[in-house]
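Here is a short tour of one protein model, written with a computational chemist in mind. Have the coordinates open, and we can walk through the structure together.

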Amino acid sequence: MSNPSLPLRLLVTDPSERFQLRFAEQGAALLADVSGVQTQASARGLTINAVAERDLSAAVAMLQAAIPAVAAETMEVVYLDQGTMEPYVRVRVTTPEDFFGDVIGQLNQRHGLIESLDDTCDEGKIVVATAPLAQMLGYDKVLAVTTRGRALAEYAFVDYRSVQSEPPVPPRTPAARA
């Protein structure tokens, strides 16, 4: 059973354990107080749901520290079957002013719709955008390289929207007549 409020899902197992439910219950107990993730124990293993891939990675790292044999399957994005609906997230990027244009460009490339641009009290900028979650996978690493680790992205689940085959076309201004 998936949790629609946390649209990333990862199944984690312990290949050395004969009964996956026992492992899954132990893993769920280990991750009970971890923010950003929800767990579900089953006979298949431990299913971890999250909004941000870094939360999934941190949860797996915690499990591997306690149980070295832990194996994680491929992370998946949960789509709704109601006419193929995909999860959207609101991403809030706090960046130094030097990288402001790069951040906006990257979010646009990932089909993000810029919602607001603000200044911080320490000469930085805040960019808030809404984008399909699948397009935002891997963005933390790209952002770290682009800004030399000086920017921070925060994610919040927004809702599910119809899958678009092409990004929306921005409005154009009419050409001036001579």
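A search of the whole structure finds one cavity of 30 Å³ or more. A cavity here is a set of points on a 1 Å grid over the protein atoms alone where a 1.4 Å probe fits but cannot get out. Grid points are joined across faces, edges and corners, and a volume is the space filled by probe spheres set on the points. The largest cavity holds about 40 Å³ of space. Its lining (residues with an atom within 4 Å of a point) consists of Leu8, Val51, Ala52, Glu53, Arg54, Leu133, Met136, Leu137, Asp140 and Tyr155. Helices H2 and H4 (133–136) are the elements that give two or more residues to this lining.

A word on provenance: this is a predicted model, in which local features need pLDDT of at least 70 and side-chain atom pairs count only at pLDDT 80 or more, while totals for chains, interfaces and linings use all residues. Residues are numbered from 1 along each chain as its sequence is written, and side-chain values use heavy atoms, with hydrogens and water left out.

**Overall layout**

The protein chain has five helices and nine strands; these are DSSP runs numbered from the N terminus, with helices (H or I) of at least four residues and strands (E) of at least two. From the N terminus on, the order is β-α-β-β-α-β-β-β-α-β-β-α-α-β. Of the 178 residues in the chain, 39% are buried, where buried means under 20% relative accessible area, exposed over 50%, and partly exposed in between (1.4 Å probe, protein chains only). Among contacts (heavy atoms within 4.5 Å) between residues at least 6 apart in sequence, 68% join residues at least 24 apart.

**Two helices with a buried side**

In H1 (20–30), the buried residues are Gln20, Phe23, Ala24, Gly27 and Ala28. They cover an arc of only 135° around the axis, so they sit on the same side of H1; the arc is that of the directions from the helix axis to the C-beta atoms. Their cover includes E1, E2 (37–42), E3 (45–50) and H2 (53–66).

H2 has a buried set of its own: Leu56, Ala59, Val60 and Leu63. Because these cover an arc of only 95° around the axis, they fall on the same side of H2. They pack against E1, H1, E2, E3 and E4 (71–72). An α-helix has 3.6 residues a turn, so residues three or four places apart point the same way.

**Loops and a hairpin**

Just ahead of H1, Glu17 belongs to the loop between E1 (8–13) and that helix. Glu17 is buried, at a relative accessible area of 19%. Leaving aside neighbours within four places in sequence, Glu17 is in contact with Arg22 and Phe23.

Further along, E7 (113–119) and E8 (124–132) run antiparallel and are joined by six bridges; strands pair if DSSP finds at least two bridges between them. Ile114 stands opposite Ala129 in E8. Four residues lie between the strands of this hairpin, where Glu123 takes a positive phi near 60°.

Two loop residues also have a positive phi without being glycine:

| Residue | Phi | Loop | Relative accessible area |
|---|---|---|---|
| His111 | near 65° | between H3 (100–109) and E7 | 31%, partly exposed |
| Arg148 | about 55° | between H5 (139–146) and E9 (152–162) | 65%, exposed |

How values were computed. 1 Å grid on protein atoms, 1.4 Å probe; cavity = no way out; pocket = protein on both sides within 12 Å on 5 of 7 lines; lining within 4 Å.
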